[in-house]
Amino acid sequence: MTLSTSNLRILKSILLVLITSQLYSQTNENIKNSEVSGKLQNESKQEIVYAAVSLFQNDSIYVNSVISSPTGDFRILNVPAGNYTIRIDHNEYASHVSESFTVSNSEQKVLPTIILKPVDNTLDEVIITTKKALIEVKADKLIFNVASSPSASGTNGLDLLKKAPGVSLDMDNNISLLGKGGVQIYINNVPSRLSGTDLATFLQSMTSDNIDSIEIISNPSSKYEAEGNAGIINIRMKKNMALGFNGNATSSFTQGQYLRYSNSVSLNYGSEKLKTNFDITQSQDKSYDTFLDTKMQNQSILDLDSEELRDRKGINIALGLEYRLTENQTLNFSGRSVINQNDSDLNSRNDIFDINPTALNSILISKSVIDEPSRNLAFNLNHQWELTETSSLNTALSFGTFSNEKNTYQPNTYLEPDGTTIISVDNNEFDGNTDINLWSAKTDFEKSWENTTFSTGIKYSRISTENGFRFFDYVDQTPVLDLAQSNDFNYTENVAAIYAIVNLKLTESLKLDAGLRIENTDSRGQLLSDVDIDNKDVPRNYTDFFPNVGLSFDNQNNHAWALSIGRRITRPNYQDLNPFERPISPLTIWKGNPFLKPNYIMNYQMSYSYKQKLIITNTYSVTDGFFASIFEIIGENGNQIIPRNMDKATNYGISISYPFEVSKQWDFVLFANGGRKTFKGNLEGTVIDIEATTYDFRIQNNIKLPWDILMDLTYFFQSDWIWRGSIKVRGNHDLGFGLRKDFFKKQLQVRVTGADIIKTTNNYFYEGNYGGIDIKGVRSFDTQRFGLGVTYKFGNTQAKNKIKTKSALDDELDRIGN
């Protein structure tokens with residue numbers, strides 16, 4: 001398909017406006033005030049179509065943009081009261097800036113017909129260059145724009161989360177937000193439904209070069225599911241809304257001790273009614289994980305030295321389709337397939353010492369060879385319907401499957417203290433299979449009046465999992481099934497929910513949001529085993545109420561603050577509910593807990609912002625039934641890791657962010673977090689009473705170097721913290737950088753990155769003392785990495801406009817996101 005230069009310019013201006021409109025709508029979903037409308041014509045009274053109509057407050061503050069319709073009309077919704085101007089841009093007409101006008105509350109402002117004059121097409125062409133801020137602060141969320149950070153290139157989705165403000169990962173890849181665990185991960189506003197190692201595997205299959213932004217929602221409203229104590233992290237994939245055909249090809253790699261790389265192709269096509277996109281990414285990650293660990297228990301000392309080499313190969317395929325059925329109805333479809341092959345090779349040595357006197361008793365040499373393929377499919381269908389100018393109805397259906405096969409071969413050899421004489425050989429093999437099926441359906445309705453907005457909706461979701469575990473002993477080098485150590489565990493969970501939210505505009509500056517969500521959970525865990533044990537069938541049915549109330553003030557000038565309180569829940573994942581034992585090594589097993597109860601959290605949050613730059617957030621939360629994974633002694637030298645409910649965990653936190661502009665070439669953003677955490681409880685005989693004051697800060701420098709090279713330089717420091725709710729970990733710090741340079745009118749982009757460049761965050765030293773076990777150790781990862789990334793764009797890739805003159809508003813237009 002071939003487009004003329006004139007059409008290309010029109011389509012590029014449309015792309016610019018569509019994206020900025022999307023960003024604006026996300027930040028103001030609770031504002032249903034006035035609107036501004038009008039009509040565009042030329043001097044011959046002909047309608048002007050596909051013009052960019054931009055609304056500015058107080059002559060300079062960008063508010064929103066739309067595209068004029070085929071009849072030359074435009075309408076900008078949800079405009080707060082204030083003073084405004086309109087700017088019109090079109091490649092065939094001179095730019096036009098209106099006289100200032102005032103919009104009152106709930107006013108349907110209709111502007112006089114705007115007449116545009118032709119432009120002299122012999123004038124020099126001006127390319128509108130745009131960029132997004134690294135961090136955007138919105139009323140209900142914080143947005144980390146991945147594309148604005150050169151150092152974010154070449155990493156996977158899981159590692160990328162570490163760069164987002166307020167987000168941290170522990171050594172088990174559990175995600176925390178503002179110091180709290182139990183985060184729910186959404187992909188393009190759709191819950192991922194995965195947890196634990198399955199979620200980590202899924203995120204590792206994503207590449208940062210295909211991610212547009214990460215939205216951090218620390219206190220979700222009642223519209224969102226109540227699942228997730230810490231809130232929601234919504235990962236938005238890149239989506240090109242331009243008309244016509246375009247795409248890009250990206251290749252990136254990072255080199256540490258081992259190589260990681262990814263290659264991807266993205267194709268997009270859009271017409272007035274239909275927009276489609278297709279993405280495919282192939283990636284491979286190699287990494288290592290080492291333990292040096294000493295445990296003292298039962299008059300014995302266990303010295304562990306282990307190293308695991310992991311190798312993941314993956315293919316990620318995504319397809320999207322958007323079709324405008326009518327002027328008021330849109331149908332969206334998206335699908336994603338993720339295929340991974342995970343292989344790992346673990347070698348370990350355990351030196352077993354007696355105490356009094358201290359003497360080496362025996363040596364255990366063990367190895368684990370793991371073959372773990374996994375597959376994930378997800379499909380979503382969404383229908384958006386603007387019933388009237390003040391009401392809307394959205395319906396969504398989702399379906400997904402996840403399957404995982406984990407085959408482990410584990411030879412074990414016990415040696416005498418001389419290290420050569422064999423005491424015994426115990427070789428095992430165990431195979432674990434997991435199949436997850438899930439689907440959900442929901443409908444949301446919203447209606448607005450002069451100072452009130454009412455929202456309500458219903459949702460039903462179902463998750464079913466089938467887990468099989470087969471244990472084999474080796475007899476004469478032949479695997480023999482051991483039924484006593486094999487089992488099947490099936491788990492189903494059905495959640496039905498209804499919610500209602502009322503948003504009241506009390507004054508021009510003061511708003512009240514009140515919502516209530518009610519969820520009924522019906523679950524059942526069934527263990528099928530030849531071993532006669534208790535807890536083979538655990539059904540549950542419970543109904544919970546989740547209120548959320550917020551009061552906010554914004555004088556549309558310098559000061560804004562918000563107070564909120566909300567209740568949330570985290571349900572145990574199926575892996576933690578399986579009561580059967582799984583060997584990690586001959587001396588350590590993992591065991592689920594079928595009586596693990598959901599934990600509930602009360603979140604209290606207060607935030608203040610000054611000129612939308614200085615942002616201070618205070619949070620306090622109390623979690624009842626906190627999930628803690630603890631070591632318990634079994635036998636003489638063995639121990640098990642088991643999840644249990646802790647009586648109470650509290651978290652007080654404060655976060656501060658502020659951008660500094662040193663010069664036109666250098667600015668930086670400071671993020672600082674601090675808090676006080678306590679973990680207390682008697683976990684069936686194991687007493688935990690631990691507390692810690694934690695803090696961290698991140699400084700992200702953005703520097704414009706000569707030759708149009710952009711650089712970011714980031715320093716991160718973290719204090720001591722708590723792992724698994726029971727073990728103290730020593731803090732560390734990290735320094736990373738990224739360089740970015742565009743070539744050939746921004747068709748080609750080259751990136752150079754470095755992570756942990758002074759190698760200060762690869763080692764995690766930890767210690768703990770509880771339940772008769774004294775633990776000390778260090779865990780190490782492959783964190784020092786240097787990389788290179790290249791992206792080539794083709795098709796309709798730039799936003800160009802013929803602009804006759806440069807006005808005071810052009811600088812504000814340059815701030816519109818690309």
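This report describes strand pairing around β49 and a set of salt bridges in a predicted model.

Strand β49, which spans residues 785-795, runs antiparallel to strand β19 (residues 244-255), and ten bridges join the two; within this pairing, Thr254 stands opposite Gly787 of β49. Strand β46 (residues 748-755) is also antiparallel to β49, to which eight bridges join it, and here Leu748 has Tyr792 of β49 as its bridge partner.

Turning to charged side chains, the count of salt bridges in the model comes to 25, and three of them are listed below with their N to O distances.

| Acidic residue | Basic residue | N to O distance |
|---|---|---|
| Glu389 | Arg75 | 3.8 Å |
| Glu308 | Arg310 | 3.2 Å |
| Glu405 | Arg375 | 3.7 Å |

In the salt bridge between Arg75 and Glu389, Arg75 belongs to strand β4 (residues 73-79) and Glu389 to the loop between β24 (359-388) and β25 (391-410), so the contact ties together parts that lie 314 residues apart in sequence. Arg75 is partly exposed, at a relative accessible area of 33%, whereas Glu389 is exposed, at 53%.

In the salt bridge of Glu308 with Arg310, Glu308 is buried, its relative accessible area being 13%, while Arg310 is partly exposed at 31%.

The salt bridge of Glu405 with Arg375 links distant parts of the chain, since Glu405 is in strand β25 and Arg375 in strand β24, 30 residues apart. Glu405 is partly exposed, with a relative accessible area of 32%, and Arg375 is partly exposed, with a value of 37%. Elsewhere, Glu227, Arg517, Glu519 and Arg571 are joined into one network by salt bridges that share partners.

How values were computed:
Residues numbered from 1 in each chain as written. Predicted model: local features only at pLDDT ≥ 70, side-chain atom pairs only at ≥ 80, totals over all residues. Heavy atoms only, no water. Pairing = 2+ DSSP bridges. Helix = DSSP H or I, 4+ residues; strand = E, 2+ residues; numbered from the N terminus. Salt bridge = Lys/Arg side-chain N within 4 Å of Asp/Glu carboxyl O. Buried < 20%, exposed > 50% of the residue type's maximum accessible area, 1.4 Å probe, protein only.
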